[in-house]
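Okay, thanks for coming, everyone. I'd like to walk you through one chain today, a piece at a time. Have a look at the screen.

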Amino acid sequence: MSYRLSESAMSVDPSSPLHYSAHQKLNVHPSPGSDEFNGNDSNVRPFPGSPGSDECDGDSAGIGLSHPQVNSGIRKKLDAMNKLQNTGVQVDIDLPQIAVIGSQSAGKSSLIESISGITLPRAIGTCTRCPTECRLSRSDAPWQCVVSLHFITDPNGLPLGQARNEQFGDTIYDKAKVEERIRRAQHAILNPSKPTKSFLEEDEDDIRPQLTFSTNCVTLQISGPDVADLSFCDLPGLIASVSGSEGSHDNSIALVESLVTAYIKKPSCIIILTVACETDFENQGAHRLAKRHDPDGKRTIGVLTKPDRIPLGEESSWLPFIRNEKEPLENNWFCVKQPSSNDLKSKITWAQARQMETDFFSTAPWSDLEEIYRKYLGTGNLVERLSNMLSDLISMRMPQIQDELERSIVHTRELLSRLPPAPSSDPRSGILTLLHKFAQDLGQQIEGVPNSIDDSDVGLIQAIRPQQEKFRRAIRATAPNFRPFERNARVGKHLPNAEFLRAEEGNECDGEASDSEGEVGTTASPFSFAAANKATKVKTPPPSGNKIYIDEVLERAHGARTRELPGHYPFVVQKTFIESIVKEWHAPSTVLCRTVHSTTSDHVKKLIHKHFGQFGQGYLEQRVRAIAQQHINECLERAEERIKWLQRLEDVPFSLNTHYLSDYKSKFLAHYRGARAKYMQNDLAKYIEQYKATTSQPTQQPFVPAPAPAPSPTPSPFPKTFKSAFAPAPATPAFPTSAAFAPVLGTTQPNFLAPQIHTGFTKVLGGLAEIGMTGVKPEDLQKLLPPDRMEPALVIMADVRAYFQVAYKRFADNIPLAIDFELVRGVERDLLPELYTHLGINGPNGDAICKDLAQESRKTAERRLDLHKKLERLESARLELFIVAV
């Protein structure tokens, strides 16, 4: 049994003597099982003067918690809790409760009658098979009782999504008919597969229960002028075994225990533990259950019942409980003595019953207890303690209830806002609005929107940009990896980075340099020599490590010559190199297109789910998604066709960007020549570098020869070319060779130039100036050397490398532009008309189609209804609290 103040949880508060806080209205939940309740005293009538009796004498205006003097201090608090429970908010907020538990025949029923001031319905057998909730409310109208069936599980025992209440029979105005109606209602609960109405008329002797126990319950709503504002739930008493007639199922024991546990496990529940003195304490399982859920005994009150049945001489074994020496509890143990069956048959009054209890505890050994412990004897003392605990509990919980209501209202409204909008009365208009908002949002994504602050939502353009950059790098990586060295003489030679490329491309040009030729680790070129051999019909061995060496280029050039004059080579050599490079661009282009297609599809799917995911039963989202995907696939096909067209354009080398082409050619030619000259004319190049270094130092004064006689104003007869200007030069070289200065150079520092060589450079440059050839730089002196036989190959390499630099930039722009136009921006074009056409919402059956599309799922509809009902209960409870506060 349990007295329920309501169903709202009590928070633990260490400062409270109960260590929890109070919630709402007092609900009394008795757990039957006593001998009186099980039918041993089915002929016993209520006490005269009790709220449920036919006679109410003048000495009993109220009993227990309904007594006006005892209850005056907490009446307003109880009324406030009762009003909250009347709103039904106990379904959503756990209100405080007092539960009376005990084993069968522990005297729970009699205790509940004394505390609550009401007489419980009495019946045989089935009373203990299912819970019976009694909701009592004071009213000026005549007494009445409404019996209902409360189902929380289906006939198979599975939980229902929402509890179901069904009124069982008409309203009862005669108290004598209540017992039979309850008994029949419990038959209906225990036979869930049969129609409930059949049990109103069926002969009870012919009824055989399908279940031994049930979690579904019978609900009594009783009101009248002499009814206290209380509620209680009659729970099956704890049992230790099940007889064969009861089914011999151990599951029945577990089910009864779970029913009791459902109440006492809540931290807001005050547990009244009833223990019959006629049975050994260790054999009563209720104590074990209470200790499991309240191990410290902070919210448990022990009550010893039936002290008159203690065997003679064994009273001393129970007195330590009263002194709180045995199984101590924070709120102590009490002992009560209720009227016997004979006393009840004599129709004694409540006042007489209490006097008999006082007389009993005035005898030994109870009268021998110290005065400090005598306050734990008698129902009156128990009621007083219970009243104080209730008052403190409610006072503690009232502010918390207010806060819980506010939080629950806010949370419920938030849950409602997350649901999709309720179906519109004009589904066509609603669907058209959704489609236009989707198209508008898609257009903004394609135009470009900034990322969210935490980058959790990356825009479409931002997601595509890294893929475009990856594509550009892949095209740049196809640059021909030319080496201005012979393949057989490549070891130990190094091609430095082109500084002009580093200035505009950064580290992307590092792949074309090498630390030392012939060593592992240099970047390989994707150039296909097999394709080039096939195009030029010249069989040459593949280059080492996919690098293209200068002798291989020259060999290819010689193999391509037909009728050209000596020293001339056909353009087909450059063309085959370029064609092989361009073929390497196809794969990255296809990868970029497919990747952008996948990214675009994912973003469109997310947008579709955002706008249509919660509309109807999801059918509209599926249709829009299928139509949009088909449209995106068509855009992909157009983009792939455009890419193939752009790739075919690159089959023929062409560029009107002659300025950049010629500029790159001259720079690459100088780059290759310089790297080659460094090893072909090693000493001369080194002398030139040393001479430039010495003349550029600010602290070193350059050597200045003696001024020569002023030149004649007559123009020089020599042409201004190195070859003709130095034609009459003697066979002796203009400056010493490296062999002449080997002993000197062996001891020089890297930037130290021997005086003889420095003087020679100065004389040569000065002599050229005297004959009118001004502006000649030291590095120009290398042109005096014989021409390099690999010069044609150097020109071819510079041509191909310069054209790649121009063409790859053009291609790296055109492909992403084509994909963006045909695929990304193409998705937005004509998508809305496609949706209108394929959805059919503008056709002759548009209204019917829109109605089907807008139909809300049953799950969402039920969820919306439940939340609206919950919000209504919470707001009603908040209003009641506001009225009480005012």
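Before I start on the sheet, one term: I'll say that two strands pair if DSSP finds at least two bridges between them. With that in hand, β3 and β9 pair in the parallel sense, over five bridges. And please keep in mind that what you see is a predicted model.

Let me give you the overall picture, and then we'll come back to those strands. The chain has 886 residues, and 48% of them count as buried. There are 29 helices and 13 strands. If you take the contacts with a separation of 6 or more, 79% of them are between residues 24 or more positions apart.

Right, back to β9. That's residues 269–276, and eight of its eight residues are buried. You can split the strand by direction: C269, I271, L273 and V275 point one way, while I270, I272, T274 and A276 point the other. Both sets are buried. Over towards β3, I272 of β9 has V100 standing opposite.

So what does β9 pair with besides β3? It pairs with β10, residues 300–305, again in the parallel sense, this time over six bridges. To get from β9 to β10 the chain goes through helix α7, residues 285–293, and this β-α-β crossover is right-handed. For the register, you can use L273, which stands opposite G302 in β10, and T274, whose bridge partner in β10 is V303.

Now β10 itself. This strand is mostly covered, with six of its six residues buried. T300, G302 and L304 point one way, and I301, V303 and T305 point the other way. Then moving along, β10 also pairs with β11, residues 333–335, in the parallel sense over three bridges. There, L304 stands opposite C335 of β11.

While we're on the crossover, let me stop at a histidine. H287 is found in helix α7. Is H287 buried or exposed? Its relative accessibility is 15%, so H287 counts as buried; the cut-off for buried is under 20%. Setting aside neighbours within four places in sequence, H287 is in contact with L273, F281 and E327. We've met L273 already: that's the β9 residue opposite G302.

Next, a long-range one. Q90 is found in the loop between α3 and β3. Q90 has 7% relative accessibility, so this loop residue counts as buried as well. Which residue should you look for next to Q90 on the screen? Try R873: the two are 783 residues apart along the chain, yet their C-alpha atoms are separated by 9.1 Å.

Okay, on to a helix pair. Helix α14 is residues 460–476 and helix α19 is residues 586–612, and their axes come within 10 Å and cross at roughly 170°. Angles over 145 count as roughly antiparallel, and α14 and α19 are therefore roughly antiparallel to each other. Who makes the contact? From α14 we have L460, A463, I464, Q467, Q468, F471, A474 and I475, and from α19 we have P588, S589, L592, T595, V596, T599, T600 and H603. Sorted by type, that contact has nine nonpolar residues, seven polar and no charged.

One residue there that I'd like to zoom in on is T600, in helix α19. T600 has a relative accessible area of 2%, so it is buried. Not counting residues up to four places away in sequence, T600 touches L460, I464, V824 and V827. L460 and I464 belong to the α14 side of the helix contact.

Last stop, helix α17, residues 550–560. How many of its 11 residues are buried? Eight, so this helix is mostly covered too. The buried ones are I550, D551, E552, V553, L554, R556, A557 and A560.

That's my tour. Happy to rotate the model if anyone wants another look.

How values were computed
Residues numbered from 1 in each chain as written. Predicted model: local features only at pLDDT ≥ 70, side-chain atom pairs only at ≥ 80, totals over all residues. Heavy atoms only, no water. Buried < 20%, exposed > 50% of the residue type's maximum accessible area, 1.4 Å probe, protein only. Helix = DSSP H or I, 4+ residues; strand = E, 2+ residues; numbered from the N terminus. Right-handed = clockwise from strand over helix to strand, strands pointing away. Axes fitted to C-alpha atoms, helices over the stretch in contact; angles between N-to-C directions. Parallel < 35°, antiparallel > 145°, perpendicular 65-115°, else oblique. Contact = heavy atoms within 4.5 Å. Nonpolar A, V, L, I, M, F, W, Y, C, P; charged D, E, K, R; others polar.
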